Each structure stands twice: as C-alpha cells, then as structure tokens.
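The following note is offered to a colleague who has the sequence and the coordinates at hand. The points are numbered for ease of reply.

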Amino acid sequence: MTRTEMRRMPVAVGPYGQTQPSCFDRVKMGFMMGFAVGMAAGAMFGTFSCLRIGMRGRELMGGVGKTMMQSGGTFGTFMSIGMGIRC
C-alpha cells in the first residue's frame, strides 16, 4: 500500500450505492431542520404574545411573521453550527 492510498479517507457507501452527504449538505440540512422547528415555535409564542398585547388583523400577522422569522433564523443557525461541529 502506497502513501497516497493510505491518506485517502474511505467513502461510506449505502446498500444501494448512495454515498454519505457532504459536510456542507449536513450543515444545510441542520439549518433547514432548525429553521422549521424555530418557525413552529415562533408561530406559537408569537401568536400568544401578540394577542396578549392586543394586536389584531394586519398588525397581528406582521408581528407573528416577524417572530417566526427571527426564531427560525436563530434556531436554524444554532442547529447548523451543531451539525458543523459533528462533521
């Protein structure tokens, strides 16, 4: 076995010939999963907090949407960092 052959990392192949996702794909999937969970949490907490302070109609939709995007982005960022650490 030559030195070049020893340096190469083995590529894991699944039962049907598919390869494992790259590190970038894992980070991207972590962000998407975290964004989805954060959006759901933002919808619940944002609706509750906006209704509590008396928002209605268009103002309510804007407030809930803003909360959903903020919590989705925050949670997605932390999930992608976590997946990046695992690579």
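Which residue does a disulfide join to cysteine 23? The answer is given in the first point, and the remaining points move from that bond to the helices.

1. The model is a predicted one. In it, cysteine 23 is joined by a disulfide to cysteine 87, with an S to S distance of 2.3 Å. This pair connects distant parts of the chain, since cysteine 23 belongs to helix 2, cysteine 87 belongs to the segment after helix 3, and the two are 64 residues apart. The count of disulfides comes to one. A disulfide is a covalent bond between the sulfur atoms of two cysteines.

2. The handedness of this bond may also be stated. The torsion about the S-S bond of cysteine 23 and cysteine 87 is about 115°, and the disulfide is therefore right-handed.

3. The accessibility of the cysteines deserves a separate remark. Cysteine 23 has a relative accessible area of 39% and is therefore partly exposed, as the partly exposed class lies between 20% and 50%. Cysteine 87 is likewise partly exposed, at 45% relative accessibility. Cysteine 50, by contrast, counts as buried, because its relative accessibility is 5% and the cut-off for burial is under 20%.

4. As to the overall arrangement, the protein chain contains three helices and zero strands. Its pattern along the sequence is α-α-α. Of its 87 residues, 16% count as buried. The accessible surface comes to about 6,900 Å², and carbon and sulfur atoms contribute 67% of that surface. Among contacts with a separation of 6 or more, 73% are between residues 24 or more positions apart.

5. How far apart are the end C-alpha atoms of helix 3? Helix 3 comprises 30 residues, from 57 to 86, and should span 44 Å at 1.5 Å a residue; the distance in the model is 43 Å, which agrees with that expectation.

6. The buried residues of helix 3 are Leu60, Gly63, Val64, Gly72, Gly76, Ser80 and Met83. These buried residues pack against helix 2, which covers residues 23–52.

7. Serine 80 illustrates this packing at the level of one residue. Serine 80 lies in helix 3, and its relative accessible area of 13% falls under the 20% limit, so serine 80 is buried. Leaving out residues up to four places away in sequence, serine 80 touches Val27, Gly30 and Phe31.

8. Arginine 26 gives a view from the other helix. Arginine 26 is located in helix 2 and is partly exposed, with a relative accessible area of 31%. Apart from neighbours within four places in sequence, arginine 26 is in contact with Gln20, Pro21, Met83 and Cys87. With respect to methionine 83, the C-alpha atoms of the two residues are separated by 6.4 Å, although their positions lie 57 residues apart along the chain as a separation. Met83 is also one of the buried residues of helix 3, and Cys87 is the partner of cysteine 23 in the disulfide.

9. Which two side chains meet in a salt bridge? They are those of aspartate 25 and lysine 28, at 3.8 Å from N to O. The structure holds one salt bridge. Both residues lie in helix 2, three residues apart, or about one turn of the helix. Aspartate 25 is partly exposed at a relative accessible area of 32%, and lysine 28 is partly exposed at 40%. Side chains of opposite charge can pair when their charged atoms come close.

10. One annotation should be read with its origin in mind. An unreviewed UniProt entry assigns a "transmembrane region" to residues 31–51. In the model, residues 31–51 are 100% helix and 0% strand, and the end C-alpha atoms of this stretch are 29 Å apart. The annotation comes from the record and may be inferred rather than shown by experiment.

11. A last residue to examine is valine 37, which is placed in helix 2. Is valine 37 buried or partly exposed? At 47% relative accessibility, valine 37 counts as partly exposed. The C-alpha atoms of valine 37 and serine 71 are separated by 8.8 Å, and the two residues are 34 residues apart along the chain.

Technical notes:
Residues are numbered from 1 along each chain as its sequence is written. This is a predicted model: local features need pLDDT of at least 70, side-chain atom pairs count only at pLDDT 80 or more; totals for chains, interfaces and linings use all residues. Side-chain values use heavy atoms; hydrogens and water are left out. Helices (H or I, at least four residues) and strands (E, at least two) are DSSP runs, numbered from the N terminus. The expected span of a helix is 1.5 Å times one less than its number of residues. Buried means under 20% relative accessible area, exposed over 50%, partly exposed in between (1.4 Å probe, protein chains only). Contact means heavy atoms within 4.5 Å. Accessible areas come from the Shrake-Rupley method with a 1.4 Å probe; for residues, only the protein chains shown count as cover. A disulfide is a pair of cysteine sulfur atoms within 2.5 Å. A salt bridge is a side-chain nitrogen of Lys or Arg within 4 Å of a carboxyl oxygen of Asp or Glu.
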